[in-house]
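Grab your viewer and work through the exercises below. Each one has a task and then a stepwise solution.

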Amino acid sequence: VASSVDAVAYQMNSAHTGAVTFKTVALPAGSAWSADVGGNPSYALIVGGRVFVTVAVNGNAQLLALNGTTGAIVWGPIAFPGNVNAAYDGGHVFVVSGDPQGQIISALDAATGNSVWSATVPGGWFPEPPVAADGMVYATNGGLVTAFDETTGAVLWQTGVGGTDGIVAVTVDGLYGE
C-alpha cells in the first residue's frame, strides 16, 4: 500500500500507524471552520479536499461529506442503522453499519454520496472499521475477515483471524489481525 498524506481509515491509514508524513505543514493560528454535524462525530476521513465524517444520532448513524476548506456540506447526511465505521479508497467511501444481529458493508461514490453496492458482512459482533486498499475492502466481524471487491462488492475470500474481534491492518507485506 503506497503511503499517502490523506486520512483514509481508522488511525489515519490502512496500516493503522496513526501517523502521516506531510511534505510541509503550516498550521493556522485559529480554527479555519466548524460545522454542526447534528450529533456525536467519530473519526474523520480526509481525502481530496473533503472531510467524510460519521455521526451517532439517537442510536443510529449518518455519513456526511464536508468541504475541507469551508466546512459546507457537500452531500448527506445519509442514514445508516446502528453503529457505523468508514474507510476510503479508489473514489469510494466504504461504510460498515449495523449491530451484533446483522451488518452491512456499503460502497458510496465519494463525489456524490450515491450508493454503488452493498453486501452482508458475515459474523456476529459489533461493526469494526473497514480497511480498503488496492482494490479490496476488508470487513472484520467476530474474528472473521471478509475481503470484498471494491468495485462490485463480490466476496473474494474469507478467513479467520485467531485471537481478535478487532480490525485488521494492511501493508505491502500482508494483512494483519490485532
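A quick definition before we start: buried means under 20% relative accessible area, exposed means over 50%, and partly exposed is in between, using a 1.4 Å probe and protein chains only. The model is predicted, with local features needing pLDDT of at least 70, side-chain atom pairs counting only at pLDDT 80 or more, and totals for chains, interfaces and linings using all residues. Residues are numbered from 1 along each chain as its sequence is written, and side-chain values use heavy atoms, with hydrogens and water left out.

**Exercise 1. Get the overall layout.**

Task: work out how many helices and strands the protein chain has.

Step 1. Assign them as DSSP runs numbered from the N terminus: helices are H or I with at least four residues, strands are E with at least two.
Step 2. The tally is zero helices and 14 strands.
Step 3. For burial, 42% of the 178 residues in the protein chain are buried.
Step 4. Take contacts (heavy atoms within 4.5 Å) between residues at least 6 apart in sequence: 39% of these join residues at least 24 apart.

**Exercise 2. Trace a ring cluster.**

Task: find which aromatic pairs involve Phe 52, and classify them.

Step 1. Set the criteria: rings of Phe, Tyr and Trp (its six-membered ring) pair if their centres lie within 6.5 Å; planes under 30 degrees apart are stacked, over 60 edge-to-face, and the rest tilted.
Step 2. The structure has five aromatic pairs. In one of them, Phe 52 meets Trp 75 at 6.0 Å centre to centre with 45° between the planes, so that pair is tilted.
Step 3. Phe 52 sits in strand 2 (residues 50-57) and Trp 75 in strand 4 (residues 73-80), so their pair ties together parts 23 residues apart in sequence.
Step 4. Phe 52 also pairs with Tyr 88, at 6.3 Å and 20°, and this pair is stacked. Tyr 88 belongs to strand 5 (residues 83-89), 36 residues from Phe 52.
Step 5. Together, ring pairs link Phe 52, Trp 75 and Tyr 88 into a cluster.
Step 6. Check burial: Phe 52 has 3% relative accessibility and counts as buried, and Tyr 88 is buried at 17%.

**Exercise 3. Look into the core.**

Task: identify which strand gives the most residues to the largest nonpolar core.

Step 1. A nonpolar core is a set of buried Ala, Val, Leu, Ile, Met, Phe, Trp, Tyr and Cys residues joined through side-chain atoms within 4.5 Å.
Step 2. The largest has 19 residues, and those touching the most other members include Leu 45, Phe 52, Leu 63 and Tyr 88.
Step 3. Strand 5 gives the most, with four residues.
Step 4. Another core lies apart from this one, with eleven residues, among them Trp 117 and Phe 148.

**Exercise 4. Hunt for backbone oddities.**

Task: say which peptide bond is cis, and whether Asn 58 and Asp 134 are buried or exposed.

Step 1. Recall the background: most residues other than glycine have a negative phi, and most peptide bonds are trans.
Step 2. The cis bond joins Gly 76 and Pro 77, with omega about 5°. Pro 77 is part of strand 4.
Step 3. Asn 58, not a glycine, has a positive phi of about 50°. Asn 58 is in the loop between strand 2 and strand 3 and is exposed at 77% relative accessible area.
Step 4. Asp 134 also has a positive phi of about 50°. Its loop runs between strand 9 (131-133) and strand 10 (136-141), and at 62% relative accessibility Asp 134 counts as exposed.
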